[in-house]
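Biologist: Can you walk me through this one? I'd like to start with the pocket.

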Amino acid sequence: MPITLVIHIAAGLLAIPAGYAALAARKGAGLHRRSGMVFVGAMLVMGITGSLVAFARGIESSQAAGLLVAYFVVTALSAVRPRTAASRR
């Protein structure tokens, strides 16, 4: 089994409990923030490695889907992050 596929599966297995913990924790609490960031990281890794696996196997629709997942995760994170003085300029 290619290492990229192993990393993809491991990231998915990490994203499930991290997402559940983020949903179960009180909004804004430390556990909510930490598990949410773990979820974001795992989903980014899962999307990118999914695209790499699809590229290696020649599955064009899944190549785009993996990159789209990574894009959605990054834009969702930027939507919930508070704006800084530098980003307001």
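Modeller: Sure. The lining of the largest pocket splits into 10 nonpolar, 4 polar and 3 charged residues. Keep in mind that this is a predicted model.

Biologist: What volume does the largest pocket have?

Modeller: About 630 Å³. Of its 17 lining residues, His32, Gly36, Met37, Leu77 and Val80 lie closest to the centre.

Biologist: Which helices each supply at least two residues of that lining?

Modeller: H1, H2 (30-57) and H3 (60-80).

Biologist: And which one gives the largest share?

Modeller: H2, with 6 residues.

Biologist: Let's pick one residue from the centre. Where is Met37 found?

Modeller: Met37 sits in helix H2.

Biologist: Is Met37 buried, partly exposed or exposed?

Modeller: Partly exposed, because its relative accessibility is 37%. Buried would need under 20%, and exposed over 50%.

Biologist: OK, step back. How many helices and strands are there in the protein?

Modeller: There are 4 helices and 0 strands. Along the sequence the pattern reads α-α-α-α.

Biologist: What does the C-alpha trace span along its principal axes?

Modeller: About 40 × 35 × 15 Å.

Biologist: What percentage of the residues is buried?

Modeller: Of the 89 residues in the protein, 26% are buried.

Biologist: Now the outside. Which residues make the nonpolar surface patch?

Modeller: Met1, Ile3, Val6, Ile7, Ile9, Leu13 and Val45. Together they form a patch of about 680 Å².

Biologist: Where does the largest share of that patch come from?

Modeller: From helix H1, residues 3-24, which contributes 5 residues. Val6 is found in that helix.

Biologist: Why does Val6 count as partly exposed?

Modeller: Because its relative accessibility is 36%. A patch residue has to be over 30%, and Val6 belongs to the patch.

Biologist: Back to Met37 for a second. How many residues apart in sequence are Met37 and Val6?

Modeller: They are 31 residues apart. In space, the C-alpha to C-alpha distance between Met37 and Val6 is 21 Å.

Biologist: Give me the short version, pocket and patch.

Modeller: The largest pocket takes the largest share of its lining from H2, and Met37 is one of the residues closest to its centre. The nonpolar patch draws its largest share from H1, and Val6 is among its members. H1 also supplies at least two residues of the pocket lining.

Methods:
Residues numbered from 1 in each chain as written. Predicted model: local features only at pLDDT ≥ 70, side-chain atom pairs only at ≥ 80, totals over all residues. Heavy atoms only, no water. Patch = residues over 30% accessible without salt bridge, like charges linked within 9 Å, V, L, I, M, F, W, Y side chains within 5 Å. Areas by Shrake-Rupley, 256 points an atom, 1.4 Å probe, with all protein chains shown as cover. Salt bridge = Lys/Arg side-chain N within 4 Å of Asp/Glu carboxyl O. Buried < 20%, exposed > 50% of the residue type's maximum accessible area, 1.4 Å probe, protein only. 1 Å grid on protein atoms, 1.4 Å probe; cavity = no way out; pocket = protein on both sides within 12 Å on 5 of 7 lines; lining within 4 Å. Points joined across faces, edges and corners; volume = space filled by probe spheres on them. Nonpolar A, V, L, I, M, F, W, Y, C, P; charged D, E, K, R; others polar.
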